[in-house]
Amino acid sequence: MQSGPEGLGKGSRPDELTEWIACARPWNDRQPKKIRDLEKFASCFKEWWDEVQPEGRRKDSRGRFIQEDEPEVDWDEIRLSGKNGLFTAVAGLCFWGQALGSDEARLFCKDWYDCVTDVNWVLNELVRTHS
């Protein structure tokens, strides 16, 4: 899936994120975005995050992205800071984390933790490779 000048592609993005974008991205810490089906949200988020990665990102034997310098990866493909850019991924992780509830639940949700770790790594990689 291609990301465009307007942001990351829609692809498998969770419905809740698409609805949030359509509603002008309201943000209220006291009322997190309601996730109707947490398992489906997690699955869609992981699939969508996979889809928006630049060509050439490699995965390990467990299907997780390798977090090491990959000179052949063109990070400009995901270097999108607009309204539908990487902030959408960060917001999705916030909604997911809030739906999990406690800090302990987030800590033991391997899928959420792996996604947070990878989004964080990508953001740092974008800073490191910015020219």
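Q: Okay, so buried means under 20% relative accessible area, exposed means over 50%, and partly exposed is in between (1.4 Å probe, protein chains only). Which of those is Arg 128?
A: Arg 128 is partly exposed, because its relative accessibility is 48%. Keep in mind that this is a predicted model, where local features need pLDDT of at least 70, side-chain atom pairs need 80 or more, and totals for chains, interfaces and linings use all residues. Residues are numbered from 1 along each chain as its sequence is written, and side-chain values use heavy atoms, with hydrogens and water left out.

Q: Got it. What does Arg 128 pair up with?
A: Asp 69, in a salt bridge (Lys or Arg side-chain nitrogen within 4 Å of an Asp or Glu carboxyl oxygen). The closest N and O atoms of Asp 69 and Arg 128 are 2.8 Å apart. Asp 69 lies in the loop between α2 and α3, while Arg 128 is in helix α5, so this pair ties together parts 59 residues apart in sequence.

Q: Where do names like α5 come from?
A: From DSSP runs, numbered from the N terminus: helices are H or I with at least four residues, and strands are E with at least two.

Q: And Asp 69, buried or exposed?
A: Somewhere in the middle: Asp 69 has a relative accessible area of 48%, so it counts as partly exposed.

Q: How many salt bridges are there in the whole structure?
A: A search of the whole structure turns up 15. One of them joins the side chains of Lys 46 and Asp 111, at 2.9 Å from N to O. Lys 46 sits in helix α2 and Asp 111 in helix α5, so you get a link between distant parts of the chain, 65 residues apart.

Q: How accessible is Lys 46?
A: Lys 46 comes in at 33% relative accessible area, so it's partly exposed. Its partner Asp 111 is at 34%, which also lands in the partly exposed class.

Q: What about Arg 57, who does that side chain meet?
A: The side chain of Asp 118, in a salt bridge with an N to O distance of 2.9 Å. This pair links distant parts of the chain too: Arg 57 is in the loop between α2 and α3 (86–100), and Asp 118 is in helix α5, 61 residues away.

Q: Is Arg 57 buried or exposed?
A: Buried, because its relative accessibility is 9%. Asp 118 is buried as well, at 4% relative accessible area.

Q: Which residues share a salt-bridge network with Arg 57?
A: Arg 58, Glu 68, Glu 70 and Asp 118 are linked with Arg 57 in that network.

Q: New topic. Where's Ser 12?
A: Ser 12 is in the segment before α1, a helix that covers 15–22. Its relative accessibility is 17%, so Ser 12 counts as buried.

Q: What does Ser 12 touch?
A: Leaving out residues up to four places away in sequence, Ser 12 touches Cys 44, Glu 47, Trp 48 and Glu 51. Contact here means heavy atoms within 4.5 Å.

Q: Last one: where do I find Val 127?
A: Go to helix α5. Val 127 is exposed, because its relative accessibility is 63%.

Q: How far is Val 127 from Trp 75?
A: Their C-alpha atoms are separated by 10.0 Å, and the two residues are 52 residues apart along the chain.
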